[in-house]
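I opened a fresh page for this chain and set out to look up its fold, its overall dimensions and the surroundings of one helix.

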Amino acid sequence: MTNYQMIIQINDKTRANIEKIQENNKMEKINKCISFTEDLNLWLSCCGEFQDYILVKEAQDECIKSILMCMQGFYKEAMMSLRQAMEHMLFAIFLSTSDYNYRLWKRGTYDMSWNQIVDPQKGIFGKEYISSYARDLDDNRSIELLTIAKSVYRECSEYVHGNYNKLILLSDNLNYNEENVDRYIGIFESMQYLICMSLMIRFREIFDKKENLVKLESVVMDNLGTLPEIQILYSTEKGE
């Protein structure tokens with residue numbers, strides 16, 4: 001077999017895996033993952049210059065690539081890209097609170113640190129941070145958000161670092177694996193919640209403008225609509 005024939009064979013296999021997503025009724029959930037990337041675009045459009053951060057754009061790219069790789073059967077690579085999408089977005093939010101650190105990062109003298117992002121006192125899900133940026137959100141969500149963030153990061157990192165229990169779950173020869181697809185979707189949904197909450201907390205002030213409340217209503221309600229604070233926010237706006 002020539003290299004060209006091998007690549008064509010791999011391409012045929014990935015196409016077959018995409019078709020099996022449809023055959024096994026997984027496309028509806030995959031569509032929700034894809035829809036989130038569109039929701040994210042709309043939300044970011046209301047966040048001023050933050051939407052132009054290179055980290056934000058990289059996070060969006062990694063998110064799309066991650067979904068595609070999962071559909072093709074590259075499950076390990078999908079998890080690795082998912083971790084990068086989450087890291088880049090949350091680090092961008094972390095940097096957005098300090099112009100000094102952002103400038104240092106651009107100069108290459110300040111590095112991304114996951115431990116700083118999820119630091120219980122100074123990180124973006126800490127109680128003080130939540131109460132500083134979004135007073136009408138329950139700061140007791142801090143524990144929940146930190147727990148989810150650490151869990152998602154650990155799950156994805158085990159694929160990055162070659163954890164034995166994760167590697168044995170991977171398919172041989174790019175074979176379709178429904179369990180891996182379901183696992184990916186579950187982790188994606190957790191990451192989706194984290195990103196939405198991080199944006200809601202950091203850019204809570206954009207909802208003080210009625211036009212943003214209206215523009216983002218479907219996005220926010222689809223992703224965070226079950227939260228009491230969000231229900232109050234929108235019921236107040238409607239005068240209920």
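I call a residue buried when its relative accessible area is under 20%, exposed when over 50% and partly exposed in between, with a 1.4 Å probe and protein chains only. The model is predicted, so I kept to its limits: local features need pLDDT of at least 70, side-chain atom pairs count only at pLDDT 80 or more, and totals for chains, interfaces and linings use all residues. Residues are numbered from 1 along each chain as its sequence is written, and side-chain values use heavy atoms, with hydrogens and water left out.

I looked up the secondary structure and found 13 helices and 0 strands in the protein chain, where helices (H or I, at least four residues) and strands (E, at least two) are DSSP runs numbered from the N terminus.

For overall dimensions, I noted a radius of gyration of 19 Å, which agrees with the value near 18 Å for a compact globule of 240 residues; the radius is taken over C-alpha atoms, and the rule is 2.2 Å times the number of residues to the power 0.38. Buried residues make up 48% of the 240 residues.

I then turned to helix α3 (residues 54-72), whose end C-alpha atoms are 27 Å apart, in agreement with the 27 Å expected for 19 residues at 1.5 Å a residue, the expected span being 1.5 Å times one less than the number of residues. Its buried residues include L55, V56, I67 and M69, and also E62. The buried residues of α3 pack against α1 (3-23), α2 (27-44), α4 (75-95), α5 (99-107) and α10 (178-202), contact meaning heavy atoms within 4.5 Å. After α3 comes G73, with a positive phi near 105°.
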